[in-house]
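This report describes the architecture of a single protein chain from its coordinates. The sequence and the structure are shown first.

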Amino acid sequence: MNKFSQAILLTSLLMLMAMPTIVIAENVQLVRVAIYDHSEEISNGPSNLLRFLIPEHGFSAQRVSPEQIQEGCLKEFDVLIMPGGSGSKQSEKLQESGRAQVKEFVRNGGGYVGICAGSYLASSHYSWSLSLINAKVWDREHWARGQGTVSLCLTSSGCEVLGSIQNEVDVYYGQGPLLVPDNQSDLPGYEVLASYGSEIAKKGAPVEAMIDTHAVIRSKYGEGRVICFSPHPETKDGPNSLMASGIYWAAQVKP
């Protein structure tokens, strides 16, 4: 991909919601995206992602099952997205062989994008986690704190990586992990791209426990890149450009 084509692709990511019909140059390399789904029928997370991860926006995306991952399908992709749902169920369905395939894929240079459950799965917190990123979950007791719209406060790096001209945006939250640093000596520290500026405190969750915890983080795992979204910018209300830009970063598409 030459620098001109790369610039066109980045522009299309930034303008994703404002101009959903934008067409990029024909010679731009499409980012090959695998979207995990263990449902027999397409579920909400993959459905929302497939709506905008299209060739016109620089992506070629398809669903993959845990069985396909176990059989080694990830070698055909640049990025794996683990969407919302249940992180423990995702781990269970992948089984030991599938979890090993995911870790090898990222270690060898693939990208991992976790959304809500997929971020629980990427963390170093649980016995069933993949330990792809040096993060644990704050206020684990109240993980089911409810759903609703919250504000994200983006760092300067977050604005750059996620393609946002605003340092505060609203996004849907659905019981995603409140991320804080872990202390795993074999993993590098992560960079904060966004923190929570407001909160959901239902179902007995304590007030102010969520504010300032980390909502979007990124790091390296071997030669690969890992980015974790606690909230859901892939929903119809978006902003989808945050998700698209994060996937593009994880893909390590070279000019």
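The sections below proceed from the overall composition to the strands, cores and individual residues.

## Overall composition

The model is predicted rather than experimentally determined. The protein contains seven helices and eleven strands. Of its 255 residues, 55% count as buried. The accessible surface amounts to about 11,300 Å², and carbon and sulfur atoms account for 48% of that area.

Contacts across long stretches of sequence are frequent: among those between residues at least 6 apart, 71% join residues at least 24 apart.

## Parallel pairing around strand β3

Strand β3 comprises residues 79–82. Val79 and Ile81 point one way from this strand, Leu80 and Met82 point the other way, and all are buried. On one pairing, strand β1 (residues 31–36) runs parallel to β3 over three bridges, and valine 33 has valine 79 of β3 as its bridge partner. On another, β3 pairs in the parallel sense with strand β4 (residues 111–115) over four bridges. Here valine 79 stands opposite glycine 111 in β4. Valine 79 thus takes part in bridges with both valine 33 and glycine 111.

Alanine 61 belongs to strand β2 (residues 59–64). Its relative accessibility is 21%, and because the limit for burial is under 20%, alanine 61 counts as partly exposed. Its C-alpha atom is separated by 5.9 Å from that of arginine 32, although the two residues are 29 apart along the chain. Beyond its neighbours within four places in sequence, alanine 61 is in contact with Val33, Ile35, Leu50 and Leu53.

## Nonpolar cores

The largest nonpolar core has 40 residues, and Ile81 and Val113 have the most contacts inside it. Helix α7 (residues 240–251) gives the most to this core, contributing eight residues. A second, separate core has 27 residues, including Ile69, Phe77, Phe105 and Ile217.

The surroundings of isoleucine 81 draw on several parts of the sequence. Apart from residues up to four places away, isoleucine 81 touches Val33, Ala34, Ile35, Tyr36, Leu49, Leu53, Val113, Ile115 and Ile247. Val33 and Leu53 are also among the contacts of alanine 61.

## Helix α7

Helix α7 has twelve residues and reaches 17 Å from its first C-alpha to its last, close to the 16 Å expected at 1.5 Å a residue. Is this helix enclosed or exposed? Twelve of the twelve residues of α7 are buried, so the helix is largely enclosed by the rest of the structure. The buried residues include Ile247, Tyr248 and Trp249, as well as polar ones such as Asn240 and Ser241. Glutamine 252 follows α7 and has a positive phi, near 55 degrees.

## Antiparallel pairing around strand β9

Strand β9 (residues 191–196) has antiparallel partners in two strands. Strand β6 (residues 147–154) pairs with β9 over three bridges, and leucine 154 has alanine 194 of β9 as its bridge partner. Strand β10 (residues 214–221) is joined to β9 by four bridges, with glutamate 191 standing opposite arginine 218.

Serine 195 lies in β9. Because its relative accessibility is 15%, below the 20% limit, serine 195 counts as buried. Setting aside neighbours within four places in sequence, serine 195 is in contact with Ser151, Leu152, Cys153, Asp212, Thr213, His214 and Ala215.

Isoleucine 211 is placed in the loop between β9 and β10. With a relative accessible area of 31%, isoleucine 211 is partly exposed. Isoleucine 211 touches Tyr196, Gly197, Ser198 and Glu199, not counting residues up to four places away. The C-alpha atoms of isoleucine 211 and leucine 152 are 9.7 Å apart, while the two residues are 59 apart in sequence.

## Cysteines

How many disulfides does the structure contain? A search of the whole structure finds zero. A disulfide is a covalent bond between the sulfur atoms of two cysteines. Cysteine 116 has a relative accessibility of 5% and counts as buried. Cysteine 159, at 18%, also counts as buried, because the limit is under 20%.

Technical notes
Residues are numbered from 1 along each chain as its sequence is written. This is a predicted model: local features need pLDDT of at least 70, side-chain atom pairs count only at pLDDT 80 or more; totals for chains, interfaces and linings use all residues. Side-chain values use heavy atoms; hydrogens and water are left out. A disulfide is a pair of cysteine sulfur atoms within 2.5 Å. Buried means under 20% relative accessible area, exposed over 50%, partly exposed in between (1.4 Å probe, protein chains only). Contact means heavy atoms within 4.5 Å. Accessible areas come from the Shrake-Rupley method with a 1.4 Å probe; for residues, only the protein chains shown count as cover. Two strands pair if DSSP finds at least two bridges between them. A nonpolar core is a set of buried Ala, Val, Leu, Ile, Met, Phe, Trp, Tyr and Cys residues joined through side-chain atoms within 4.5 Å. The expected span of a helix is 1.5 Å times one less than its number of residues.
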